[in-house]
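Work through the following exercises with the predicted model open beside the text. Each task is followed by a solution that proceeds step by step.

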Amino acid sequence: MSEQRTFRIGTRKSQLAMVQTELVCSLLQKSYPQHKFEIVAMSTTGDRILDVALSKIGEKSLFTKELEVALEDGRVDFVVHSLKDLPTTLPEGMYLGAVLERENPHDAVVLSDKFKDYTLATLPAGSVIGTSSLRRVAQLKRKYPHLTFTDVRGNLNTRLSKLDDPNGQYAAIVLAVAGLTRLNMTHRISHILSPSESLHAVSQGALGVECRENDPVCTDLLVSLNHPLTRLVCTSERSLMRTLEGGCSVPIGVNSSYGDDHVLKLRGLVASLDGQTVVEHEDQISVDPSLSLESQYKLANDLGVTVANKLLELGADAILKELSHS
Ligand code: DPM
């Protein structure tokens, strides 16, 4: 490889973002010992506005915009994101150079100590569940109508300390398994939600590394981090979301898999905010592993479009229209 260079990796400052970026940094360092990799931590709008529900801030790139500006200006060479926070359409000139192997993509319930022997089904009526995810609220309200759902914002540690506060209001909070796992807090998980309780968010549990499209040195370096299987399933999920034009203000859940039979499956769900109206659809496509990765991703993209269009036909368009007026 070429002469020694220093590459800068942009990230948010939260503990989870830092852990994820340190992982990417050490993988790059291992693959390219001749180069130096430095982490540059920044705050984003989503980190600064803590008193407003995520879905009400009304901006799709809440956690990514400032990082992408730094990438564009050349202050950093790569940016590490939780792929679920990265909008499905990247700004002009930006490229998703790698998608890393996915962690468990599901949601987890963390019960407060007071209710540790309960489940969402057995918690007393009116128990307060903390989550700012419209997706989780819509799906869980439908399944567990006796519970009350309230926003909880802040980083993972803040949320857990709100749950642990003896004078706090929450009986439980719902978080991604992946975030808790990366912070070595799986012992806090009471139950992992099944797909029939909560379909996960698009790309939940996967990390994405963004770089400048016209930077061949960086795009080349990232190839070694890419996990083709994760990218295949996440491409279908992101394509579904892009076709529905949904961001974090729309309750969209998915589930996807690619098996030994070479069949890529994608299930999608769109729900109204109160969980009363739900449309769901699943479809599949055969993806020959001897095709080029680009051709495989193209097929995954097509599957996302197909499932999204079917969802729209089944009534998702009416749900989305109603949401855009609320
Ligand atoms: C997005 C959502 C949430 C984050 C909405 C959703 C959850 C907000 C909340 C788009 N981004 O999931 O329906 O819990 O109130 C976020 C987390 C992770 C990445 C934390 C979490 C870690 C897991 C991962 C916040 N972004 O979901 O518990 O890497 O997927």
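**Exercise 1.** Identify the polar contacts of the ligand with alanine 176, aspartate 85 and serine 82, and then find how much of the ligand the protein buries.

*Solution.* Begin with alanine 176, where a backbone N or O atom lies 2.8 Å from an oxygen atom of the ligand. Turn next to aspartate 85, whose side chain places an N or O atom 2.6 Å from a nitrogen atom of the ligand. In the side chain of serine 82, an N or O atom is 3.4 Å from a ligand oxygen atom. Finally, the ligand taken alone exposes 620 Å², of which the protein buries 91%.

**Exercise 2.** Describe the shell of residues around the ligand by its residue classes and by the elements that supply it.

*Solution.* The shell has 18 residues, and the closest are Lys84, Asp85, Ser133, Arg136 and Gly205. By class, the shell divides into 5 nonpolar, 7 polar and 6 charged residues. At least two residues each come from helix H5 (134–143), strand E8 (170–176) and helix H7 (177–182).

**Exercise 3.** Is serine 203, a residue with positive phi, buried or exposed?

*Solution.* Locate serine 203 in the loop between strand E9 (191–192) and strand E10 (207–212), and note that its phi is near 65 degrees although the residue is not glycine. Its relative accessibility is 1%, and the cut-off for buried is under 20%, so serine 203 counts as buried.

**Exercise 4.** Where does helix H10 bend?

*Solution.* The end C-alpha atoms of H10 (residues 293–325) are only 40 Å apart, short of the 48 Å that a straight helix would reach. The bend, of about 75 degrees, is at glycine 315.

Methods. Residues are numbered from 1 along each chain as its sequence is written. This is a predicted model: local features need pLDDT of at least 70, side-chain atom pairs count only at pLDDT 80 or more; totals for chains, interfaces and linings use all residues. Side-chain values use heavy atoms; hydrogens and water are left out. Buried means under 20% relative accessible area, exposed over 50%, partly exposed in between (1.4 Å probe, protein chains only). Helices (H or I, at least four residues) and strands (E, at least two) are DSSP runs, numbered from the N terminus. The expected span of a helix is 1.5 Å times one less than its number of residues. The bend at a residue is the angle between axes fitted to the seven residues ending there and the seven starting there. A residue is near a molecule or strand if one of its heavy atoms lies within 4 Å of it. A polar contact is a pair of N or O atoms within 3.5 Å; within protein, one must be able to donate a hydrogen and the other to accept it, and residues adjacent in sequence count only if both atoms are side-chain atoms. Accessible areas come from the Shrake-Rupley method with a 1.4 Å probe; for residues, only the protein chains shown count as cover. Ala, Val, Leu, Ile, Met, Phe, Trp, Tyr, Cys and Pro count as nonpolar, Asp, Glu, Lys and Arg as charged, and the others, Gly among them, as polar.
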